[in-house]
Amino acid sequence: MTRLSLTNLPVAPAVDPNALSVGIVHLGIGAFHRAHQAVVTERAAVATGETRWGITGVSQRSATVRDQLAPQDGLYSVLERGLGDPSIQVIGSVRDVLTAPEDPEAVVARIADPAVSVVTLTVTEKGYRAASDGLNLDDPEIQADLAGRPPRTVIGQLAAALARRDESLTILSCDNLVANGPFLRKLMVDYFDALGKVPPAFEATRFPAGMVDRIVPATTAADRDEAARMLGVRDEAVVVAEPFLQWVIENDFAGPRPAWERGGAVLTADVAPWEQAKLRMLNATHSMLAYLGALRGYETIAEAVRDEELGGLARQLMTDDVIPTLTPPDGLDLPAYGATVLERFENPALKHRTRQVAMDGSVKLPVRMLGTVRDRLTAGAEPHTISLAVAAWMVYVLRTPDLDDPQAPRLQSAVSGITDPTKLVDALLSIDTIFTPDLRDSTVFRDLLTTHTTALLHHL
Ligand SMILES: NC(=O)c1ccc[n+]([C@@H]2O[C@H](COP(=O)([O-])OP(=O)(O)OC[C@H]3O[C@@H](n4cnc5c(N)ncnc54)[C@H](O)[C@@H]3O)[C@@H](O)[C@H]2O)c1
Ligand SMILES: O=P(O)(O)OC[C@@H](O)[C@@H](O)[C@H](O)[C@H](O)CO
């Protein structure tokens, strides 16, 4: 079947791709960016008529996305799956893709281009190469970048590009991290400290925080076949998404930016309450359902949340443990928000795999769950259900031989041969890159984890 391209366009994108010049570099062009920031950027371009905000995507690890998009002139479609019939739309805002491992110099040069004033990122939690207190300077890839090779880490890429720039830059993380903007800024400061020099452009560089939300599962072969049927041409780069899309951005830019608010984003002075509500309500519950669901043999989040007991626990997690720790952002009714989150998880058309959401637990737990545990303990409360979520991760680590996690070897050696719940809790609580001393030393938390792991090991 013919491939989607500028000359084989069954449905034209809302912008003319040929008219766009590149003003944004996106690091980590996975599924999420294509279904979220790229869509809002295109909508903003349509609303304003501005043509300066085309996107260069950077593929950080493999050449797969470049090889999918290059023959398609950067075009791809978003296949939206809600409760009704699916719909499909071709997006034209990604103009080209660079593959960092093949051509690291091109990535630095593109970020350094004066026409570029915004860099966005979705490189997953582990892509930041952080330790518990800042940049992981023991990371061999960070060390190699510091030693002066053409950079391979995102921190190294940004640092090298800033060293070449005279103009200010805005660097906007779109990953699920607590205070993602300030967090990334701190990693850059640590990098420059280790390097022993700070580029002059860094002072004016801004790192706004952002909260992003849209469920975008990994695309499957069946999704590509469905897109081909709907489009009449083959799209190897199609992404699948739910109808819901939210982007709240701190209005703190160093220079020009797309009018993303015209594309549906919200620009605000304080993102923290939005971000905390989303990470603690949606992402923590997602992860709990992923661990418990996978342990019960459910393939997808929709199946897990439709299990009466697991669905009940998801509601209980939000109501009993998470909501008491939150200050709701203006106008957000937290119980109603929680109900909407569960309805979104129930979407049977999405097929978000429990195993996908369960990956990288060692870097997700601190972001999604451990703040809630800490706040509940500080308030003198017993964090019952959030401890169950952490215990579910512990049992998942024990029961998953092919664990997908950046710390898999360390986790697996810690739990190797363990059958006793107390020992399992001790072994995993001692991992200092995940659990801080206050949590390790809490008898209440340790006892709850032991009770829950005991129950899970006996009843799953
Ligand atoms: N998919 C979603 O539903 C969703 C929703 C909200 C936020 N996000 C955020 O977006 C991130 C990416 O999600 P996705 O669905 O695009 O995943 P994906 O697997 O499709 O893409 C991940 C991207 O991150 C890059 N990456 C992975 N490991 C890296 C590393 N060690 N160093 C540098 N780059 C690395 C990959 O090259 C790829 O470009 C998530 O981790 C999350 O923070 C995703
Ligand atoms: O993308 P990850 O792997 O960081 O997390 C998996 C999901 O919890 C997450 O992607 C949600 O779908 C998303 O945060 C919804 O906005």
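A residue counts as near a molecule if its C-beta atom, placed from the backbone, lies within 6 Å of it. The model is predicted: local features need pLDDT of at least 70, side-chain atom pairs count only at pLDDT 80 or more, and totals for chains, interfaces and linings use all residues. Residues are numbered from 1 along each chain as its sequence is written, and chains are lettered from A and ligands numbered from 1 in the order in which they are written.

**Exercise 1.** Describe the shell around ligand 1.

Solution. Step 1: the shell holds 22 residues, and the closest are Gly30, Phe32, Gln60, Gly127 and Asp175. Step 2: sort the shell by type, which gives 8 nonpolar, 9 polar and 5 charged residues. Here Ala, Val, Leu, Ile, Met, Phe, Trp, Tyr, Cys and Pro are nonpolar, Asp, Glu, Lys and Arg are charged, and the others, Gly among them, are polar. Step 3: helix H1 (residues 31–35) gives the largest share, 3 residues. Helices are DSSP runs (H or I, at least four residues), numbered from the N terminus.

**Exercise 2.** Place ligand 2 relative to the two domains.

Solution. Step 1: list the surrounding residues, which are Asn176, Asp213, Arg214, Ile215, Leu282, Asn283, His286 and Val357. Step 2: by type they are 3 nonpolar, 3 polar and 2 charged. Step 3: H9 supplies the largest share, 3 residues. Step 4: domain 1 (17–268) and domain 2 (272–459) both contribute to this shell, so ligand 2 lies between them. The domain bounds come from an automatic or database domain assignment.

Terms used
Helix = DSSP H or I, 4+ residues; strand = E, 2+ residues; numbered from the N terminus.
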